[in-house]
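These are my notebook entries on a single structure. I record what I looked up, entry by entry.

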Amino acid sequence: MLLGSHVSMSKGLVGAAKEAHSYGANTFMLYTGAPQNTKRKPIEELKVKEGFEYMKENNLDSFVVHAPYIINLASYKEHIFDLAVSFLEEEIKRTEAMGSKYLVLHPGAFTDKDMEYGINRIAEGLNMVLKEEQNVIVCLETMAGKGSEVGSKFEELKAIIDKVELKEKIAVCFDTCHTHDAGYNITTDFEGVLDEFDELLGLDLIKVLHINGSLNPQGAKKDRHANISATDENNERGKDYIGSEVIYSIVHNKRLEGKYFILETPWLDKKTNLYKVEIEMLRSEKAYDIKR
């Protein structure tokens with residue numbers, strides 16, 4: 001099982017790998033810089049060689065890169081769209097230079113336009129940046145449906161991908177919190193959700209899964225991640241509306257073998273290494289409650 005979490009790149013790839021190893025992970029996800037801005041260090045300063053040496057010595061598999069939130073390919077504003085295209089091009093190059101195959105991307109938000117416009121605009125941007133010679137696959141993330149987000153429905157992702165010319169360079173990142181908040185019943189009918197995705201897009205298109213609980217009930221469209229914990233019937237314990245048993249069954253689902261499972265759960269404090277605790281729970285032979 002490829003299981004890890006988001007880690008920091010502040011000390012380069014070797015620092016990210018060491019952090020992931022401290023959690024008991026065998027893969028991880030990182031941002032190449034702050035997700036809120038375009039400031040990036042030169043590749044030469046990211047300690048890539050040292051990182052891969054450490055990964056090889058400590059049984060860490062390859063890793064996933066997440067594109068910054070500021071990329072909005074759905075925008076009708078030319079300066080925002082142009083920035084999204086140019087910066088996504090650079091992130092693809094950086095991802096490739098760092099030796100990662102998958103770059104996760106939030107599709108974008110259409111703001112003052114409509115869904116059809118957003119879908120067409122995203123496809124336009126992707127067709128501008130995707131190149132035959134690249135090895136990196138851009139994974140469109142399933143979204144929660146906040147505001148004018150594109151991608152909260154599988155049909156929206158399909159509509160984008162149908163318009164992408166280099167389809168072998170595009171895939172999907174399935175986020176458990178987002179799909180739950182978008183209205184999909186992953187808690188009691190995850191197999192049905194997978195069937196729906198498979199019929200529309202094909203399960204092979206899922207390359208990465210973000211593993212998160214949710215602070216909100218199904219269909220809330222809020223996108224508020226929760227730590228993985230057991231819930232009672234009043235949902236008072238842990239405040240996770242998905243629950244550890246459901247998350248456990250998802251990462252152990254035979255139909256998802258070989259995918260990258262990445263925790264994006266909240267970091268509550270420095271006293272409890274929750275990523276380590278959650279990874280241990282998900283790797284155990286039987287799901288158990290996370291005690292705080």
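**Entry 1: the negative patch**

In which helix is the place of Asp-198? I looked it up and found Asp-198 in helix H7. I note at the outset that the model is a predicted one. I then asked which residues form the negative surface patch, and I found Glu-155, Glu-196, Asp-198 and Glu-199. Helix H7 spans residues 190-200 and gives the most to this patch, with three residues. I also checked the cover of Asp-198, whose relative accessible area is 36%. Asp-198 is therefore partly exposed, and this value passes the limit of over 30% that a patch residue needs.

**Entry 2: the positive patch**

Which residues gather in a patch of positive charge on the surface? I listed Lys-11, Lys-18, Lys-41 and Lys-47. I followed up one of them, Lys-18, and placed it in helix H1, which runs over residues 12-22. The relative accessible area of Lys-18 is 45%, so I entered this residue as partly exposed.

**Entry 3: salt bridges**

I began with a general remark: side chains of opposite charge can pair when their charged atoms come close. How many salt bridges does the structure hold? The count I obtained is eleven. I examined several of them in turn.

I took the pair of Lys-93 and Glu-90 to begin with; their side chains meet in a salt bridge with an N to O distance of 3.8 Å. Both residues belong to helix H3 (residues 78-97) and stand three residues apart, about one turn of the helix. I recorded Lys-93 as exposed, at a relative accessible area of 54%, and Glu-90 as partly exposed, at 38%.

I next looked at Arg-94, which forms a salt bridge with Glu-91; the closest N and O atoms are 3.6 Å apart. This pair also lies in helix H3, with a spacing of three residues, about one turn of the helix. Are Arg-94 and Glu-91 buried or exposed? I found that Arg-94 is buried and that Glu-91 is buried as well. I traced shared partners from here and found that salt bridges join Arg-40, Glu-91 and Arg-94 into one network.

I also noted the salt bridge in which the side chains of Glu-257 and Lys-254 meet, at 3.6 Å from N to O. Both Glu-257 and Lys-254 are exposed.

**Entry 4: cysteines**

How many disulfides does a search of the whole structure find? My search returned zero. I wanted the reason for Cys-139 and Cys-173, and I looked up the sulfur distances. The cysteine sulfur closest to that of Cys-139 is in Cys-173, at 6.7 Å, which is too far for a bond. A disulfide would need the two sulfur atoms within 2.5 Å. Starting from Cys-173, I found that the closest cysteine sulfur is in Cys-139, again at 6.7 Å. I recorded Cys-139 as buried, because its relative accessibility is 0%. Cys-173 has a relative accessibility of 0% and counts as buried too.

**Entry 5: the loop between E8 and E9**

Which value does phi of Lys-221 lie near? I read a phi near 60°, which is positive although Lys-221 is a residue other than glycine. Lys-221 is found in the loop between strand E8 (213-214) and strand E9 (225-226). At 37% relative accessibility, I entered Lys-221 as partly exposed. I checked Asp-223 next, and its phi is near 60°, a positive value in a residue other than glycine. Asp-223 lies in the loop between E8 and E9.

**Entry 6: two C-alpha distances**

Where is Asn-59 found? I located Asn-59 in the loop between helix H2 (48-57) and strand E3 (64-66). Its relative accessibility is 66%, so Asn-59 counts as exposed. I then looked up the separation of Asn-59 from Thr-27: their C-alpha atoms are 8.9 Å apart, while the two residues are 32 residues apart along the chain.

My last lookup concerned Tyr-117, which lies in helix H4 (residues 115-129). With a relative accessible area of 27%, Tyr-117 is partly exposed. The C-alpha atoms of Tyr-117 and Tyr-76 are separated by 8.4 Å, with their positions 41 residues apart along the chain.

Technical notes
Residues are numbered from 1 along each chain as its sequence is written. This is a predicted model: local features need pLDDT of at least 70, side-chain atom pairs count only at pLDDT 80 or more; totals for chains, interfaces and linings use all residues. Side-chain values use heavy atoms; hydrogens and water are left out. Patches are made of residues with over 30% relative accessible area and no salt bridge: like charges are joined within 9 Å, nonpolar side chains (Val, Leu, Ile, Met, Phe, Trp, Tyr) within 5 Å. Accessible areas come from the Shrake-Rupley method with a 1.4 Å probe; for residues, only the protein chains shown count as cover. A salt bridge is a side-chain nitrogen of Lys or Arg within 4 Å of a carboxyl oxygen of Asp or Glu. Lys and Arg count as positive and Asp and Glu as negative; His and the chain ends are not counted. The place of a charge is taken as NZ of Lys, CZ of Arg, CG of Asp or CD of Glu. Helices (H or I, at least four residues) and strands (E, at least two) are DSSP runs, numbered from the N terminus. Buried means under 20% relative accessible area, exposed over 50%, partly exposed in between (1.4 Å probe, protein chains only).
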